[in-house]
Amino acid sequence: MKRLDTDVVVIGGGSTGLGVVRDAAMRGYRAVLVERVDLGQGTTGRFHGLLHSGGRYVVSDPGSATECAEENAILRRIQASAVEDTGGFFVTLADDDPAYADKFLEGAKSTGVPATEISVKEALRREPRLDPRIQRAIEVADGSVDGWQLVWGAARSAEAHGAKVLTYHRVMKIERDGDRVAAVICRDEKGGEDVRITCTFVLNCAGPWAGQIAEMAGAEPVAVVPGRGIMIAMNHRLVNTVINRCVYPTDGDILVPVHTVSIIGTTDIHETDPDHLPIPRNEVQQMLDAGEAMIPGFRKARALHAWSGSRPLIKDKRVSVEDTRHMSRGMAVIDHSQTDGLKGMLTIGGGKLTTYRLMAEHIVDAMNRQLGEERPCTTADEVIPGSEDRKLYTVTHRLEDREKDRLDDQIICECELMNRSMFVRLLKEQPNATFDDLRRQLRLGMGPCQGGFCATRAAGLACSEQVDDAERASGLLRLFLKHRWIGIWPILYGQQVRQTALDHWIFAGTLDVEHLPQPEEEIVR
């Protein structure tokens, strides 16, 4: 068994966990983060891409609204490379109550969320696809954020301060020494060995899985209620501004432009198992109807991919456990020394990706108090690597780069303008990565063909660059296509049916992928 020794073990490789390990390392703690799969593979990688202005919560959850507004400004400053300044509109549709906009403006003023009403004419000039019958429009400071860029940037920052980030390390057991946490036992899923990490403190940032982690330490079950939401990516930017319905938060009331697509979301349904999140066809139809209400002709656009994510909501005694829509989005830190008599362990839940840095500050502050330490938080002041020029990204950022290197570097993914050098460099840096791991960092296969052309090129490069042999590359290709299919079958209609048929002919007909040689070892995830 491999052995490590550290001060703090952070469990969970989503935005909160990466924010926490960065914060702890910046305060001088020896910190190790463990994640059972890849970074940002859970809730962080399964959301609609919104950088909240706070507007969504000015009426329903004022505390969360203020937090979002303040953290929105901080992230634009310290992590600009992960943020696009799209701006946002809250619009009153023809059948919505126009009086709600007055409540919205009052709530925005009282919570400190910047909001300005503009004329319907101006809103339609800037977003001509909007339903021309809209009654009112309010401008806010929404943006879009690349969740994977965000977590990998935080990981690089944490590592620069001495932290270790261990992906594909599944927590198997949390050992205690009497009433204190003593060690975390992990299974290295790719290396095939167990790892024992002795520590003084465990910070449980496992999101919807936080309850399972707490039970491993013998603590009372944490009341985390997974709230499932589905989202659908459309094949291009139907809008360039985040569009919200100006109503009390409901299903399908937001459309977010992210990179080259637009994402409609979301539902909010209570689930019991965050590892098994369905994508019901009726909810797909519900999202398409919601998009049509905001953008006439939305249903005629091509849906590319659908997915489900799970919000890690802390159970709110004021509402039914089934009513996840009306649970607070505010963060909560659970001190197990108070609830279970277990020292050296804290759990955090709730919150938003937009507030991930603040969530980290809160839980590390709580750890400081329990340890009797005074180490101030500085994460709001230090720019994360990759954002030193503090320049927000634009949708055309890769196009500009490819115009410079197009004659010297082969394009591997035309949809996302990913070139050979980008892929090969990351492939060699992470030789044990799956194609999905690389996708999360490079956007491989996330365009209209959904990997129909670029996936085989990726497999070929893995062989030609001698990172993988033919059998393993074939296995990686099949795994990649399997995961792409999960999000394609629920939205098979219109042009996407033709694309899927073409991809099937390529893979099943020409390449016969189902009968390619397979590696003897299991390829993880």
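1. Strand 6 is a good place to start in this predicted model, because five of its five residues are buried, so that the strand is largely enclosed by the rest of the structure. The covering applies to both of its faces: Gly88, Phe90 and Thr92 lie on one side, Phe89 and Val91 lie on the other, and all of them are buried. This arrangement can be read with a general rule in mind, namely that the side chains of a regular strand alternate between the two faces of the sheet.

2. Strand 6 is paired with strand 8 (residues 136–140) in the antiparallel sense, over five bridges, and with strand 16 (residues 242–245) in the parallel sense, over four bridges. Phenylalanine 89 takes part in both pairings, since its bridge partner in strand 8 is glutamate 139, while its bridge partner in strand 16 is isoleucine 243.

3. The structure holds two aromatic pairs. In one of them, phenylalanine 90 and phenylalanine 104 have their ring centres 4.6 Å apart and their planes at 40°, so the pair is tilted. This pair links distant parts of the chain, with phenylalanine 90 in strand 6 (residues 88–92) and phenylalanine 104 in helix 3 (residues 100–111), 14 residues apart. Both phenylalanine 90 and phenylalanine 104 are buried.

4. Three strands form an open sheet in the order 4-9-5, with antiparallel pairing. Strand 4 (50–51) and strand 5 (83–84) stand at its edges and have a single partner strand each, so one side of each is left without a neighbour in the sheet. Strand 5 is joined by two bridges to strand 9 (residues 143–145), the two running antiparallel, and in this pairing valine 83 stands opposite valine 145 of strand 9.

5. A further open sheet, of four strands, has the order 1-13-12-11 and mixed pairing. Its edges are occupied by strand 1 (2–5) and strand 11 (169–177), each of which has a single partner strand, so one side of each is left without a neighbour in the sheet. From one strand to the next, the twist averages 20°. Strand 1 and strand 13 (residues 193–198) run parallel and are joined by four bridges, with arginine 3 standing opposite arginine 196 in strand 13.

6. Two placements of a charged side chain over a tyrosine ring also deserve a look. The charged end of lysine 190 sits over the ring of tyrosine 168, at 4.0 Å from the ring's centre, and arginine 375 lies over the face of tyrosine 29, at 3.9 Å from the ring centre.

7. Is glutamate 283 buried or exposed? This residue of helix 7 (residues 281–294) has a relative accessibility of 7%, and because the cut-off for buried is under 20%, glutamate 283 counts as buried. If its neighbours within four places in sequence are left aside, glutamate 283 is in contact with Arg228, Ile230, Thr267 and Ile269.

8. The last point concerns helix 12 (residues 435–442) and helix 14 (residues 470–486), whose axes come within 9 Å and cross at roughly 60°; helix 12 and helix 14 are therefore oblique to each other. On the side of helix 12 the contact is made by Phe435, Asp436 and Arg439, and on the side of helix 14 by Ala473, Leu476, Leu477, Leu479, Phe480, His483 and Arg484.

How values were computed:
Residues numbered from 1 in each chain as written. Predicted model: local features only at pLDDT ≥ 70, side-chain atom pairs only at ≥ 80, totals over all residues. Heavy atoms only, no water. Pairing = 2+ DSSP bridges. Phe/Tyr/Trp six-rings, centres within 6.5 Å; stacked < 30°, edge-to-face > 60°. Buried < 20%, exposed > 50% of the residue type's maximum accessible area, 1.4 Å probe, protein only. Lys NZ or Arg CZ within 6 Å of the ring centre and 35° of its normal. Axes fitted to C-alpha atoms, helices over the stretch in contact; angles between N-to-C directions. Parallel < 35°, antiparallel > 145°, perpendicular 65-115°, else oblique. Contact = heavy atoms within 4.5 Å.
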